[in-house]
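Please open the entry in your viewer and keep the sequence panel in sight. The tour moves from the whole chain to single side chains.

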Amino acid sequence: MLDLPEFPTIKDASAGTLQLGNTLDKRLPNMPSGDLQGLGFTNYRQLEAEKLMNEMRVVYDISRQQAARSKAIAKARGRQSQRAAERR
């Protein structure tokens, strides 16, 4: 014969039990007061936007340095070719 699994026990459905069923079994931690920094109450969109802006700032700085270097090299080449042209 087939052995049927046992049914789970049914909880008491009296008015008092149903009323207590909506309460939490464990207490939640107290809400933080004052400084909320670092306690999980962060605006993730704002943090992501700040991270993106910082990354863009770094990339722009690198691009600016490369442009300045390229400009200096072009200027030096221009001076060198001018000197070479004046000697002839």
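What follows is a list of selections, each with a short account of what is there.

**Whole chain.** Start with the full protein chain, which is a predicted model. Colour by secondary structure: the chain has 2 helices and 0 strands. Next, colour by relative accessibility. What share of the 88 residues is buried? The figure is 0%. Switch on the accessible surface, which comes to about 9500 Å² for the protein chain. Carbon and sulfur atoms account for 57% of that surface.

**Helix H2.** Select residues 44-87, the extent of helix H2. The next stops include several residues of this helix.

**Leu52, Met53 and Met56.** Show these three side chains together; they make a nonpolar surface patch of about 290 Å². Centre on methionine 53, a residue of helix H2. Its relative accessible area is 43%, so methionine 53 is classed as partly exposed.

**Aspartate 61 and arginine 64.** Select this pair and display the side chains. The two residues form a salt bridge, with the closest N and O atoms 2.6 Å apart. The count of salt bridges comes to 1. Why are the partners separated by about one helical turn? Because aspartate 61 and arginine 64 are 3 residues apart in helix H2. Is aspartate 61 buried, partly exposed or exposed? Aspartate 61 is partly exposed, because its relative accessibility is 28%. Arginine 64, at 47% relative accessibility, is therefore also counted as partly exposed.

**Lys71, Lys75, Arg79, Arg83 and Arg87.** Select these five residues, which form a positive surface patch. Then pick out arginine 83, which lies in helix H2. With a relative accessibility of 48%, below the 50% that exposed residues must exceed, arginine 83 counts as partly exposed.

Notes. Residues are numbered from 1 along each chain as its sequence is written. This is a predicted model: local features need pLDDT of at least 70, side-chain atom pairs count only at pLDDT 80 or more; totals for chains, interfaces and linings use all residues. Side-chain values use heavy atoms; hydrogens and water are left out. Patches are made of residues with over 30% relative accessible area and no salt bridge: like charges are joined within 9 Å, nonpolar side chains (Val, Leu, Ile, Met, Phe, Trp, Tyr) within 5 Å. Accessible areas come from the Shrake-Rupley method with a 1.4 Å probe; for residues, only the protein chains shown count as cover. A salt bridge is a side-chain nitrogen of Lys or Arg within 4 Å of a carboxyl oxygen of Asp or Glu. Lys and Arg count as positive and Asp and Glu as negative; His and the chain ends are not counted. The place of a charge is taken as NZ of Lys, CZ of Arg, CG of Asp or CD of Glu. Helices (H or I, at least four residues) and strands (E, at least two) are DSSP runs, numbered from the N terminus. Buried means under 20% relative accessible area, exposed over 50%, partly exposed in between (1.4 Å probe, protein chains only).
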